[in-house]
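Please open the model in your viewer with a secondary-structure representation, and keep the selection tool at hand for the stops that follow.

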Amino acid sequence: MAHRLQFEIDSPEGLREPAGAIAGLLRRYPVAVFHGEMGAGKTTLIRAVAEVMGVEDVVTSPTFAIVNPYMAADGRNIFHFDFYRIDNPSEAFDLGYEEYFYSGDICLIEWPGKIPDLIPEDVLKITITPHPTNPAGRRIVIEDPGN
């Protein structure tokens, strides 16, 4: 049975708690998909997760590169994907997505809806939506597959 955590934050400073929860779950489920509209804060949340994990590099959106690699403080590889500009799933094949997604390395994926048939089954699902009463806030829902 899947487990679900929900956070409501008022500002980017509130990201530390959900980022910590995600970082902890990545030990069991190394692939995480991030859902949210353009500007919802997917990259900002991924930046917070990387910070919690001790990444020292500047974390930026890999919109044009498709994937940016980072190293966590504990030596784990982190790959940040942004499939927004993918027009055809074959582009993910050209990138060698399987080598990343099934490596056991951490994969943080923005715009997974562009490659739905390529996403592994046991992934963390993170959904970011506007807060219902605070336009500057966000609701972050984290769902793990619960295996």
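The tour goes through a sheet, strand by strand.

This is a predicted model, in which local features need pLDDT of at least 70 and side-chain atom pairs count only at pLDDT 80 or more, while totals for chains, interfaces and linings use all residues. Residues are numbered from 1 along each chain as its sequence is written, and side-chain values use heavy atoms, with hydrogens and water left out.

Begin by selecting the 7 strands of the open sheet, which follow the order S1-S7-S6-S2-S5-S4-S3 with mixed pairing; strands here are DSSP runs (E, at least two residues) numbered from the N terminus, and two of them pair if DSSP finds at least two bridges between them. At the edges you will find strand S1 (3–9) and strand S3 (67–71), each of which pairs on one side only. From one strand to the next the twist averages 15 degrees, the angle being taken on a scale from 0 to 180 degrees between the N-to-C directions of axes fitted to C-alpha atoms.

Next, select strand S2 (residues 31–35), which is largely enclosed by the rest of the structure because 4 of its 5 residues are buried, that is, under 20% relative accessible area with a 1.4 Å probe and protein chains only. S2 pairs with S5 in the parallel sense over 4 bridges, and there Ala-32 has Leu-108 of S5 as its bridge partner. S2 also pairs in the parallel sense with strand S6 (residues 124–130), over 4 bridges, where Val-33 is matched with its bridge partner Lys-125 in S6.

Finally, add strand S4 (residues 77–82) and strand S5 (residues 106–110), which run parallel and are joined by 5 bridges; to see one such link, pick Phe-79 and its bridge partner in S5, Cys-107.

Notes. Buried means under 20% relative accessible area, exposed over 50%, partly exposed in between (1.4 Å probe, protein chains only).
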